[in-house]
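Visitor: Pick one part of this model and take me through it closely. After that, carry on to the other spots that you'd look at on the bench.

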Amino acid sequence: MSRELARYLLTRFGQLLLIVFVAVSINFIIPRLLPGDPVQTALARLQATGGAQNVDIQAVSAAYRAKYGLDAPILEQYLNYWLDLFRLDLGVSFANFPEKVSTMIGNALPWSVSLLAVATLIAFATGSLLGARLAWPTAGRGIKAFVPLMMILTSIPFYLLAIILIYFFAVVLKWFPPAGGVDTTRIMRFDWATTEDILKHAFLPCLAIILGNIGFWALGMRSQMVSVLGEDYITFAEAKGLHPRRIFVWYGMRNALLAQVTALALSLGSVVSGAVLVEVIFNYPGLGSLLYVAIRGQDYFVIQGVVLMLIVSLAVLLFLVDLIYPLLDPRIRR
Amino acid sequence: MSFVTSFRRNYQQGRISGVLLLGLGILFAIVLFSAIGPMFVDAVNAQVGAVRPRKPPGPEYFLGTDSQGRDMWTLLIYATPNTLKMGLIAGFIGVGVGTALGLIAGHFGGIIDAIIRVISDALLTVPAIAILVIIAGNIDRMNTVIMALVVASLGWMFTTRTVRAQVLTIREKSYVEVARVNGESQWEILFTEIMPNLMPYIVASFVGTVSGSILAVIGLEALGLGALDEMTLGNTIYWSQQSSAVLRGYWWWWGPPIVVIALIFIGLFLTSVGFDRFANPKLARR
């Protein structure tokens, strides 16, 4: 490993730590900056709505105060907050007292991660391929007609697309279930029936995320390809008489993809934001729905825990993208 | 008619494109709709219980009614300007703050630049909804102005980046050098020499910021974190979700707000693509 590469990795790692630090601090500061006592507000609301009749308000209140350590000096509270985080102690839910927030997040995380990973990868791959094809001079009229369609799809928020998909494919045509992650009456087993059920439930939310993102990748790849195709090495490759397909893949796409990976890193934030809302609309049992239920019930620690989880996981993902980047771009390795 | 001639020249040179005109046209139509709409409908019909609930579109109620007994057509006419207002306020603040920070960072450099750059880069990568949820969830009484402020708090980073990058290239230009030798002060150079040349970029990022702000506003509202007693497009989506309007087949409830939202975004998108060409003549030639 060269010194430049080491320095590159170290800077990126520093960025990861910085984002996590800023995120945790924001999570700590904002509730304390705003007027009012969140404990009182939340409990009052809980009692007023009768949403927690089986909950011992005293016990919740005590747990809350102990967790917050509201009487301690602010710096001590801040340090305790960090210590708790390192022990993965995110507090308890009071809508489902005394369930731990970390357990709830642990249950929701696999659903979100698998949905988002599959959908983003499919959107990235197909979008990039389509965009590269659009930029190639031999692209026919049929494929060029995609561009306006892509533009329209990209500009509409994809959680609204999700509502339309549910209406047509779940309500009108009844091809797919309208909500949930798996049939609630099903006993979860490792068999084909369960898998099929899970896949059926995942199909529409996945499709919503793919449709909402594919245009972004296609348009980005198209403009990258157009500028790559203007480079001298493409002309040189043509002069050498290489097969157009070889030029397309190895000289064109390979270089255009570099900028796409950077774009992937930058857009992950908005992809995650949108995916949270898609989960809410499909009532999909991931982090988004967990967050939504927590917001509805003023379940304070759950809200904070999920938000923290979103920020940290995104920061880690960005770091991973940065780690992959030198493999693609040899200029950084040297 | 100097405006017409300069317009025609710009159009012939391909700087003003059909894309830009189409985008501005759509936006103009929506603004017109929300400006003159209220003159023709009675706001009372958008109150809960004003009309018979759950009526599909027909001669009596042009766009039907929701399950709370609100006339959808009236609701839409009053909701659209509120949503646009939030987007515009947030856009103005976001671009204002973003431009100021970008100018300062690019022009003065050094430690100020480093701080601004690190903060904006870190915030750019964080999922906006995460921070917005924490802020919005902690505010007890939400209204459209506070909502716009909350969203604006995360709407400045992109402008800061673009403006900073542009300042870095412009400050090396010879006319800035001449101004410096002539003894103009740092601030004079910044406001009279550098900033006017950035206007195309600032306008372009204003369109982008407004679009991003409306996206964030609707997202928060769809989660039930908006000013729920106000008529907005996002709240309409939220209430239709709350009443399972999709599953119960009340398409006229969630359909029209989605169409209006989509039109707003398409209009903004086309305008920003069009402005990009305006700001960057190289693109126009392609």
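**Salt bridges in chain B**

Guide: Let's start with B:Arg117 and B:Asp113, whose side chains meet in a salt bridge, N to O at 3.7 Å; the term means a side-chain nitrogen of Lys or Arg within 4 Å of a carboxyl oxygen of Asp or Glu. Keep in mind that this is a predicted model, where local features need pLDDT of at least 70 and side-chain atom pairs count only at pLDDT 80 or more, while totals for chains, interfaces and linings use all residues. As for bookkeeping, residues are numbered from 1 along each chain as its sequence is written, chains are lettered from A and ligands numbered from 1 in the order in which they are written, and side-chain values use heavy atoms, with hydrogens and water left out.

Both partners sit in helix 4 of chain B (residues 110–125), four residues apart, about one turn of the helix. Helices here are DSSP runs of H or I with at least four residues, strands are E runs of at least two, and both are numbered from the N terminus. B:Arg117 is partly exposed, at 35% relative accessibility, whereas B:Asp113 is buried, at 10%. Those words have cut-offs: buried is under 20% relative accessible area, exposed is over 50%, and partly exposed is in between, using a 1.4 Å probe and protein chains only.

B:Asp113 also forms a salt bridge with B:Arg164, with the closest N and O atoms 2.7 Å apart. That contact links distant parts of the chain, since B:Arg164 belongs to helix 7 (residues 157–170) of chain B and B:Asp113 to helix 4, 51 residues apart. Both B:Arg164 and B:Asp113 are buried.

Over all chains the structure holds five salt bridges. Another one pairs B:Arg180 with B:Glu177, at 3.3 Å from N to O. These two are three residues apart in helix 8 (residues 174–181) of chain B, so about one helical turn separates them. Both ends are partly exposed, B:Arg180 at 35% and B:Glu177 at 39%. Back at our starting point, shared partners join B:Asp113, B:Arg117 and B:Arg164 into one network of salt bridges.

Staying with chain B for a moment, look at B:Ser244, in the loop between helix 10 (233–242) and helix 11 (251–279). Its phi is near 45°, a positive value in a residue other than glycine. For context, most residues other than glycine have a negative phi. Chain A offers A:Lys174, with a positive phi near 60°, in the loop between helix 8 (158–172) and helix 9 (192–229) of that chain. A:Lys174 is exposed, at 63%, and B:Ser244 is partly exposed, at 32%.

Chain A itself has 14 helices and zero strands, and 47% of its 334 residues count as buried. Its helix 13 (300–328) and helix 5 (128–137) of chain B each supply at least two residues of the lining of the second largest cavity. On a 1 Å grid over the protein atoms alone, a cavity is a set of points where a 1.4 Å probe fits but cannot get out, a pocket is an open set with protein on both sides within 12 Å along at least five of seven lines, and lining residues have an atom within 4 Å of a point. This cavity holds about 60 Å³ of space, and its lining includes A:Tyr300, A:Ile303, B:Val133 and B:Ile134. Volume here is the space filled by probe spheres set on the points, with grid points joined across faces, edges and corners.

Helix 13 turns up again at the second largest pocket, which has a volume of about 890 Å³. Of its 34 lining residues, A:Thr120, A:Leu264, A:Leu268, A:Leu317 and A:Val321 lie nearest the centre. Helices 5 (101–135), 11 (244–282), 12 (287–296), 13 and 14 (330–333) of chain A each give two or more residues to that lining. Helix 11 of chain A gives the most, with 11 residues.

One more stop on helix 13 of chain A is A:Leu320, which is partly exposed at 41%.
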